[in-house]
Amino acid sequence: MTGPTNNTLGWMLDEVLKVPQARHAILLSADGMLRAFSKDIDRDDAERLAAGLSGVQSISRSTAEFCGSPHAPWRQTMIEFAHGYVFLVAAGEGAYLAVSTGDDVDMEAVTYRMHKLVDRLGKELTSPARQDTGSPA
């Protein structure tokens, strides 16, 4: 898996951006850590957005009972803005893929590419929970 100091999976995220109006893609962990990012997005912005999108996913997951089943697994969230969208999908155990787009994007094409990318990468996109690596007090 991509660590915090490199971006070895970034080129794969760029594949999702081949859809017209797709802007940026980031891969994040459940705890909000940036795992990879596409070209044309600054690392600092990608890290800030990863933290925020982790919260969006958590809030979305907590509303499962609104759909009739409090234990249903969360799969995806879409946020609409005046000039675009953010798509957030599950990308394996503890990992999420987010893509931002313009407002005239083909939504089906974006989500299709996102899911194909997740399928293609399989276990590489999993992000196990971080272990406490600090020394005992």
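Modeller: One term before we start: helices (H or I, at least four residues) and strands (E, at least two) are DSSP runs, numbered from the N terminus. Keep in mind, too, that this is a predicted model.

Colleague: Got it. What pattern does the protein chain follow, read along the sequence?

Modeller: Start with the inventory: the protein chain has 3 helices and 5 strands. Put them in the sequence's own order and the pattern reads α-β-β-α-β-β-β-α.

Colleague: And where does pLDDT stay under 50?

Modeller: Overall, the protein chain averages a pLDDT of 86, and 85% of the residues score at least 70. Where pLDDT is low, the predicted coordinates should not be read in detail. The stretch to treat that way, with pLDDT under 50 and 14 contacts beyond four places in sequence, is residues 1-5.

Colleague: Now the sheet. Which strands stand at the edges?

Modeller: It's an open sheet of 5 strands, paired antiparallel in the order 2-1-5-4-3. The strands at the two ends of that order each have a single partner, so one side of each is left without a neighbour in the sheet. From one strand to the next, the twist averages 15°. The edge strands are strand 2 (34-37) and strand 3 (76-81).

Colleague: How many bridges join strand 3 to strand 4?

Modeller: Strand 3 and strand 4 form a hairpin with 2 residues between them. Within that pair, Gln76 sits opposite Val89, and Met78 faces Phe87. The two strands run antiparallel, strand 4 covering residues 84-90, and the number of bridges joining them is 6.

Colleague: What angle does the direction of helix 2 make with that of strand 1?

Modeller: Helix 2 covers residues 43-61 and packs on the sheet. It touches strand 1 (22-29), strand 2, strand 3, strand 4 and strand 5 (95-102). Against the direction of strand 1, its own direction makes about 70°.

Colleague: Which strands does helix 3 lie across?

Modeller: Helix 3 takes in residues 107-121 and runs at about 30° to strand 4. The strands it lies across are strand 3, strand 4 and strand 5.

Colleague: Let's go inside. Which element gives the most to the largest nonpolar core?

Modeller: That core has 23 residues, and Leu13, Leu27, Leu97, Val110, Met114 and Leu117 touch the most other members. At least two residues each come from helix 1 (10-14), strand 1, strand 4, strand 5 and helix 3. With 5 residues, the one that gives the most is helix 3.

Colleague: Which residues lie in another core, apart from that one?

Modeller: Take Leu97 from the largest core: beyond four places in sequence, its contacts include Leu13, Leu27, Phe87, Met114 and Val118. The other core lies apart and has 13 residues, among them Phe37, Ile41, Val86 and Ala98.

Colleague: Is Ser38 buried or exposed?

Modeller: Ser38 is in the loop between strand 2 and helix 2. Leaving out residues up to four places away in sequence, it touches Gly10, Leu13, Asp14, Leu17, His24 and Ala25. A polar atom of the Ser38 side chain also lies 2.9 Å from the backbone nitrogen of Ala25. Buried means under 20% relative accessible area, and at 1% Ser38 is buried.

Colleague: Is Asp40 buried or exposed?

Modeller: Asp40 also has its place in the loop between strand 2 and helix 2. Most residues other than glycine have a negative phi, but phi of Asp40 is positive, near 65°. Exposed means over 50% relative accessible area, so at 66% Asp40 counts as exposed.

Colleague: What value is phi of Gln21 near?

Modeller: Gln21 is found in the loop between helix 1 and strand 1. At 36% relative accessibility, it counts as partly exposed. Its phi is positive although Gln21 is a residue other than glycine, at near 80°.

Colleague: Last one: how many Å apart in space are Asp104 and His83, C-alpha to C-alpha?

Modeller: Asp104 belongs to the loop between strand 5 and helix 3. It is exposed, with a relative accessible area of 61%. Along the sequence, Asp104 and His83 are 21 residues apart, while in space their C-alpha atoms are separated by 8.5 Å.

Definitions and conventions
Residues numbered from 1 in each chain as written. Heavy atoms only, no water. Pairing = 2+ DSSP bridges. Axes fitted to C-alpha atoms, helices over the stretch in contact; angles between N-to-C directions. Contact = heavy atoms within 4.5 Å. pLDDT = per-residue confidence, 0-100. Core = buried A, V, L, I, M, F, W, Y, C linked by side-chain atoms within 4.5 Å. Buried < 20%, exposed > 50% of the residue type's maximum accessible area, 1.4 Å probe, protein only. Polar contact = N/O pair within 3.5 Å; in protein donor to acceptor, adjacent residues only side chain to side chain.
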